[in-house]
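Dear colleague,

I am handing over the structure we spoke about, and below it you will find a short account of what came out of looking through it. Please read the two side by side.

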Amino acid sequence: MAPTPTLTLLWRDGSEEAVRASGESTVLEAAESAAIGLPFGCRTGACGTCAGRSVEGTVQYNRPPRALKTRHSEAGYLLCCIARPLTDCQIEVGADVRAEMVSNPWK
Ligand code: FES
């Protein structure tokens, strides 16, 4: 039987929500099944819109996270649309995470 890790979603306003993630669910799917809306675009790991940042836990990808550079992965960023929690995880989520990952050339 597939494990069902607990996924704790941390928002930058200090709130958090815990959902269960079946062994096959991505972070995004687990959140959606609990009626929690996370930002997303392509859902294929290509655009980076769904970026989160791991605080604790381990995730696995079934396809390469193309929207992440090596430095992003090393800094703990992950793609919620294709990352599957393998263990209990705490992940920072929301548009602010994506904003901090990509420098804004207009400011
Ligand atoms: S929604 Fe595009 S990388 Fe996740």
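The protein chain contains three helices and seven strands, and, followed along the sequence, these elements come in the order β-β-α-β-β-α-β-β-β-α. Please keep in mind that this is a predicted model, and that the values below are computed from it.

As for overall dimensions, a compact globule of 107 residues would have a radius of gyration near 13 Å, and the protein chain, with 13 Å, agrees with that. The C-alpha atoms fill a box of roughly 50 × 30 × 25 Å along the principal axes. Of the 107 residues, 38% count as buried, and among the contacts with a separation of 6 or more, 57% are made by residues 24 or more positions apart.

Strand 7, which covers residues 89-93, deserves a closer look. Four of its five residues are buried, so this strand is largely enclosed by the rest of the structure. It pairs with strand 1 (residues 6-11) in the parallel sense over five bridges, where Leu7 has Cys89 of strand 7 as its bridge partner. Strand 7 also pairs with strand 3 (residues 51-56), here in the antiparallel sense and over three bridges, and in this pairing Ser54 has Ile91 as its bridge partner.

Turning to the surface, the protein chain exposes about 6000 Å², of which carbon and sulfur atoms supply 50%. The chain carries 11 positive and 12 negative charges, and the mean positions of these two groups lie 10 Å apart.

With best regards

Terms used
Residues numbered from 1 in each chain as written. Predicted model: local features only at pLDDT ≥ 70, side-chain atom pairs only at ≥ 80, totals over all residues. Heavy atoms only, no water. Buried < 20%, exposed > 50% of the residue type's maximum accessible area, 1.4 Å probe, protein only. Helix = DSSP H or I, 4+ residues; strand = E, 2+ residues; numbered from the N terminus. Pairing = 2+ DSSP bridges. Rg over C-alpha atoms; globule rule 2.2 N^0.38 Å. Contact = heavy atoms within 4.5 Å. Areas by Shrake-Rupley, 256 points an atom, 1.4 Å probe, with all protein chains shown as cover. Lys, Arg positive; Asp, Glu negative; His and termini not counted. Charge placed at Lys NZ, Arg CZ, Asp CG, Glu CD.
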